[in-house]
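Reader: Could you walk me through this model, from its strands to its core and its empty space?

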Amino acid sequence: MANPVLALQKALLAKLDTLVDCEVYDGVPQNADYPYVLIDTDQVINEDFTNQRMDRRFIYLSIWSRAYGSAEVKTIIGQIDTINETPLTLDTGECISVRVERTHTNREPDALTFMGHITLRVLTLHS
């Protein structure tokens, strides 16, 4: 099995599209409508065991809203939270586990935009 990083991104985009009632992006187009979810950054930690390669990945999602208050962001966080232990089928490698590790919300300095953050922990196998 090759490194599943791109296969995981493809599967995650597809899964998030089924969970949330807004657009999900890897890169936000100009003039995108709010709300939307952005697959932001990721971190990979090698967790090898026996003769297989296992990676612990932390994938950071951002939720952007211009609705009044935090309710819209918190609703989308709740929709994404249902991803816990949902199997993701990858073209390359194997996804063992997906968990929401933490969430955070804040109002942006412009006082118009509310932002949510989600950290996903994903375990993948590859050779």
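Author: Gladly; what follows is a set of questions and answers on the fold, the core, the cavity and the backbone. This is a predicted model, in which local features need pLDDT of at least 70, side-chain atom pairs count only at pLDDT 80 or more, and totals for chains, interfaces and linings use all residues. Residues are numbered from 1 along each chain as its sequence is written, and side-chain values use heavy atoms, with hydrogens and water left out.

Reader: Let's start with the sheet: how many bridges join β3 to β5?

Author: Helices (H or I, at least four residues) and strands (E, at least two) are DSSP runs, numbered from the N terminus. Two strands pair if DSSP finds at least two bridges between them. β3 and β5 run antiparallel, and Leu61 stands opposite Ile118 in β5. Tyr60 stands opposite Thr119 in β5, and the bridges that join β3 to β5 number 13.

Reader: And which residue in β3 stands opposite Val37?

Author: β2 (36–46) and β3 (53–65) are the strands to look at here. They run antiparallel, joined by 9 bridges. In β3, the residue opposite Val37 is Ile63.

Reader: How many residues of β5 are buried?

Author: Buried means under 20% relative accessible area, exposed over 50%, and partly exposed in between (1.4 Å probe, protein chains only). β3 is mostly covered, with 10 of its 13 residues buried. β5 is mostly covered as well; of its 13 residues, the number buried is 12.

Reader: Which element gives the largest share of the largest nonpolar core?

Author: A nonpolar core is a set of buried Ala, Val, Leu, Ile, Met, Phe, Trp, Tyr and Cys residues joined through side-chain atoms within 4.5 Å. The largest one has 28 residues, and those with the most contacts inside it are Leu16, Val37, Leu61, Ile80 and Leu120. At least two residues each come from α1, β2, β3, α2 (71–81), β4 (94–107) and β5 (114–126). The largest share, 6 residues, comes from α1.

Reader: How many residues are in the second, separate core?

Author: Tyr25, Ala32, Tyr36 and Trp64 are included in that second core. Its size in residues is 6.

Reader: Back to Val37: which residues is it in contact with, leaving aside neighbours within four places in sequence?

Author: Contact means heavy atoms within 4.5 Å. On that basis, the partners of Val37 include Leu61, Ile63, Ile76 and Ile80. The others on its list are Val20, Cys22, Glu23, Val24, Tyr25 and Ser62.

Reader: How much space lies in the largest cavity?

Author: Rolling a probe the size of a water molecule over the atoms shows where empty space is left. On a 1 Å grid over the protein atoms alone, a cavity is a set of points where a 1.4 Å probe fits but cannot get out, and lining residues have an atom within 4 Å of a point. Grid points are joined across faces, edges and corners, and a volume is the space filled by probe spheres set on the points. The structure holds 1 cavity of 30 Å³ or more, and the space in the largest cavity is about 110 Å³.

Reader: Which elements each supply at least two residues of its lining?

Author: The lining residues are Val5, Leu8, Gln9, Leu12, Ile39, Thr41, Asp42, Val44, Arg57 and Ile59. By class they are 6 nonpolar, 2 polar and 2 charged (Ala, Val, Leu, Ile, Met, Phe, Trp, Tyr, Cys and Pro count as nonpolar, Asp, Glu, Lys and Arg as charged, and the others, Gly among them, as polar). The elements that each supply at least two are α1, β2 and β3.

Reader: Which peptide bond is cis, with omega near -10°?

Author: Most residues other than glycine have a negative phi, and most peptide bonds are trans. Pro35 has its place in the loop between β1 (23–25) and β2. The cis bond is the one from Tyr34 to Pro35.

Reader: What is the phi of Ala111 in the hairpin of β4 and β5?

Author: β4 and β5 run antiparallel, joined by 12 bridges, and their hairpin has 6 residues between the strands. Ala111 counts as exposed, at 53% relative accessibility. Its phi is positive, near 65°.

Methods
1 Å grid on protein atoms, 1.4 Å probe; cavity = no way out; pocket = protein on both sides within 12 Å on 5 of 7 lines; lining within 4 Å.
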